[in-house]
Amino acid sequence: MENLQELLHGFTIAVTVPHLLLMAVGVLLGILVGVLPGLGAPNGVSLLLPLTFGMQPVSAIILLSSMYWGALFGGSVTSILFNIPGEPSSVATTFDGYPMARDGRPTTALATAFGSAAFGALIGVILITFLASWVAQVALAFGPPEYFAVYFLAFASFVGMGGAAPIKTVVALAIGFAIAAIGIDTVSGSVRLTMGVDELVKGVSFVVAVMGLFGIGELLVAVEEEFHARAVSSKIDWREVFRAVGRLPRHSVALLRSAAIGCWMGITPGGPTAASFMSYGIARRFSRRGRHFGTGEVEGIISPETADHAAGTSALLPMLSLGIPGSATAAVMMGGLMIWGLNPGPMLFVDQKDFVWGLIASMYVGNIVAVALVLLTVPVFAALMRIPFVVIAPLIVIICVVGAYSVSNSYLDVVMMLGFGIVGYLFKKLFYPLAPLVLAIVIGDKAEDAFRQSMLLSKGSLGIFFANKLVTCLIVGGIALLLLPLALQLARLLRKPAPSTDGTAVQEKVII
Amino acid sequence: MGRTSTFLLSAAAAVLAGAMPALAAWQPQKPIEFIATAGPGGGTDNLARAVQNIITKHKLTEQPIVVVNKGGGSGAEGYVYGKASAGDPYKVIFGTSNAWQQPLVSKVAFNYTDLTPIAAMAQDEFLLWVKQDAPYKTAGDYLKAAASADFKMGGAQSKDTDEVLTRMIEKAGKVKLTYIPFKSGAETAVQLAGGHLDSHVNNPSESLGQWRGGTQRPLCVFSPKRLPQGPKVTATEGWSDVPTCVEQGLDIKQYEQPRTVWLPGKVTPEQATFYVDLMKKVQATPEWKDYIEKTSQVDTFLTGAEFDKFIKEDLEHVKQVAGEQGWLVK
């Protein structure tokens, strides 16, 4: 109850004309940096940061967090329309968002994504409001073994579900881990796998890998298949926006499940990227239409988007209460907090009530402003799909090249991006799955660090992963998710000892 | 041809300099790039952005300044970039003692001698931190407990400043500590608050919030004298109340992390002088004082021979520790 009062007080701070204007400006700027690949939320926020030094801290954080919401939404736009994820956390959105847009339903895809994203953010912010102190305690319980267990869970939920031949999934994962290992290793401090290229000491940027794998890779496939300049006949139809949003409640199970996964991963703090992958993986297993995932399923968009935003929102809580950033953008904002003279940590909630609750109230209002603005832009973005392929293809190449270059103003990144394009093309042609590869690139090194830190702590004993209830549950859950499909198949085989012809058919399925 | 004309110009400038010194000073003619050898949000990034702000606000130069983050490979990305930009006076690199320590212990493709030192602008202090409810009240108690148990010390990065200090504590206190490297000081602080570690050696700003929030407290500071008086951090204590480690029987007199500024190699002395003067002007502003106080750093300004001497001494010291640990790379 006390929290509710504080929140109402927060609303009186957040809902003022200057603050609402700041939110609108922040959201629009955010959409812009989210849509432009290679810029992304962390860079956008750090560009804006110096402008906020003269502002009241609460106004400053409202501006920056609104920009964050805008960027999260904007990042989904390029994922869906061009198969180029602007943020690591919107990779999973491409899996079904892009096929749906390509099939001539870009409006539906975008509106569904935005609607479910807003829902996820709302659940995240409600969680922050009511469980702030409890959540802070949960996050503290996470040491290296628990971190590893969370990443393991994310891998397991995604990898165990099949889709491609298991061995191909493992190969894709292994390549991803190798790429993630390039650069300086946190635990030993030594340089790995730079193959004599000095600049590779910085490692392979996610953006570079993903733009090549998805953007260029997809383009190569499309060119080869003589993509019939399918000038997608998407009418600019405002009603479709509302129809798509209106259909969301039908998928309430997926929405709630994804929001729960997102909140959990945001708090723990596995982060939005792991959350969106995990949510997609689990949805694919449990959704009634899971079999059709990857061809433009509505739930294939809802699941990653909801989880991404729920995690992105709840990730702000550990930042405020513990001073640990749950995402790169949160890290930049934390730097901002310090410069404004505030110190993130448990005392922030006591010392700076106006600031904290003003921010939390602004999350409610900011998200509403963001979703309203972004839904208004849907038809405009969807109209981009009507541009013929011969025009859009070179544009995608330009976007990818500029995007890769702008990551760190490096020519090497452009070359690598093009290299990844060829890898992406080969993967598609040979039916290797891209998702495990990307997942391993994004969280592979974190998982490795956590594992080796655990080994340092336990002096090499794997027992540390079963040392307390929390970590045991996570690990057992991960193993269960890995083995579940196998167990289901076995059970089916045992229950119905089919005649030999059917038997081979079932076996076939196991392999696929 | 281009080189000859530059040479002629600079020769002409040198001649003119004799007559009109004010006109001869080098001035930037195009936008300047500040390279932070850390990701957005870290201490080095904050410094680069604070300096950028101060310069822009006070119009200390006519040219616009852009801050670029090149924090890959624990900062090596930025230094390698600086090395590759030899002769380009429009790239200013912001870093730490990493510039000379990293090449000692990993096979990175640069050395600090590839860069032109400008200045060390601030020193970050190190403290020994333990969990709030830990039984030991002094560094002496801590060492006594560490002698008979397996203590876990966390820190940012491997074979970097934090681990070097950890090894120094082992030697001075005759104890054995298990060092666990994390990505950043902030991450380490949370791990200590959660009870997954026994101690860490964070800078003041990295653990200020945690101290105020009562999840961890400093035992001692690795400095020859106590930190300057400032506002209270907790209800009863401020930085100046933290005893020095030497007072408490942990004989490490001084250990500091300088925030350093560099130009690429092969720039002219005039160009270097311009930036030294620029940084001096930055340091004279009230905004700089404000930045130093908010980040709980110590204001210093080492340049020229003094800076060289500092690097040499630190290098010798780190070489010794790294040699004992078998970290040195050929």
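This report walks through a predicted model, starting with chain A as a whole and ending where chain A touches chain B.

## Chain A at a glance

Let's begin with the overall picture. The secondary structure of chain A comes to 22 helices and 2 strands. Of the 512 residues in this chain, 59% are buried.

How do distant parts of the sequence come into play? Among the contacts in chain A with a separation of 6 or more, 80% are between residues 24 or more positions apart.

## The nonpolar core

Next, look inside. The largest nonpolar core has 246 residues, and those with the most contacts inside it are A:Leu110, A:Phe114, A:Tyr151, A:Met211 and A:Val438. Helix α6 of chain A, residues 106-140, gives the most to this core, with 17 residues.

You can pick out A:Leu110 and trace its partners. Leaving aside residues up to four places away in sequence, A:Leu110 touches A:Val77, A:Ile80, A:Val378, A:Phe381 and A:Ala382.

## Helix α11, largely enclosed

Now follow helix α11 of chain A, which runs over residues 252-267. This helix has 16 residues and reaches 22 Å from its first C-alpha to its last, close to the 22 Å expected at 1.5 Å a residue.

Why is α11(A) described as largely enclosed by the rest of the structure? The reason is that 12 of its 16 residues are buried. Among them are A:Ala254, A:Leu255, A:Arg257, A:Trp264 and A:Ile267.

## Two helices that pack against α13

Two packed helices are described by the angle between their axes and the distance between the axes. Helix α13 of chain A, residues 298-314, gives us a pair of examples to try this on. The axes of α11(A) and α13(A) come within 7 Å and cross at roughly 35°, and this crossing is right-handed. On the α11(A) side, the residues that meet α13(A) include A:Ala254, A:Ser258, A:Gly262 and A:Met265. Their partners in α13(A) include A:Glu299, A:Ile302, A:Thr306 and A:Ala310. The residues of this contact divide into 11 nonpolar, 9 polar and 2 charged.

The other example is helix α5 of chain A, residues 91-102, which packs with α13(A) at an angle of about 150°, with the axes 8 Å apart. Here the crossing is left-handed. From α5(A) come A:Ala92, A:Thr93, A:Phe95, A:Asp96, A:Gly97 and A:Met100, while α13(A) offers A:Gly300, A:Ile301, A:Pro304 and A:Glu305. This contact has 5 nonpolar, 3 polar and 2 charged residues.

## Two buried residues in helices

A:Gly115 is found in helix α6 of chain A. Is A:Gly115 buried or exposed? It is buried, because 26 other C-beta atoms lie within 10 Å and the cut-off for a buried residue is 20 or more. A:Gly115 touches A:Ala244, A:Val245 and A:Leu248, not counting residues up to four places away in sequence. For a sense of scale, A:Gly115 and A:Gly215 are 100 residues apart along the chain, and their C-alpha atoms are separated by 25 Å.

A:Ile179 has its place in helix α8 of chain A, residues 166-180. With 23 C-beta neighbours inside 10 Å, A:Ile179 also counts as buried. Not counting residues up to four places away in sequence, A:Ile179 touches A:Val204, A:Ala209 and A:Ile441. A:Ile179 and A:Val207 are 28 residues apart in sequence and 13 Å apart in space, C-alpha to C-alpha.

## Two loop residues with positive phi

Where should you look for a positive phi in a residue other than glycine? One place is A:Asn83, whose phi is near 65°. A:Asn83 sits in the loop between α4 (57-82) and α5 of chain A, and is buried, with 26 other C-beta atoms within 10 Å.

Another is A:Met195, with phi near 50°. A:Met195 lies in the loop between β2 (191-192) and α9 (206-224) of chain A. This residue is exposed, with 6 other C-beta atoms within 10 Å.

## Where chain B meets chain A

Finally, turn to the contact between the chains, which takes 46 residues from chain B and 43 residues from chain A. On the side of chain B that touches chain A, the elements giving two or more residues are α3 (43-57), α4 (76-84), β7 (177-182), α8 (185-193) and α9 (204-212) of chain B. Of these, α8(B) gives the most, with 6 residues. By class, this side of chain B has 14 nonpolar, 20 polar and 12 charged residues.

Methods:
Residues numbered from 1 in each chain as written. Chains lettered and ligands numbered in written order. Predicted model: local features only at pLDDT ≥ 70, side-chain atom pairs only at ≥ 80, totals over all residues. Helix = DSSP H or I, 4+ residues; strand = E, 2+ residues; numbered from the N terminus. Expected span 1.5 Å × (residues − 1). Core = buried A, V, L, I, M, F, W, Y, C linked by C-beta atoms within 7 Å. Contact = placed C-beta atoms within 7 Å. Nonpolar A, V, L, I, M, F, W, Y, C, P; charged D, E, K, R; others polar. Axes fitted to C-alpha atoms, helices over the stretch in contact; angles between N-to-C directions. Left-handed = near helix turned anticlockwise from the far one by under 90°.
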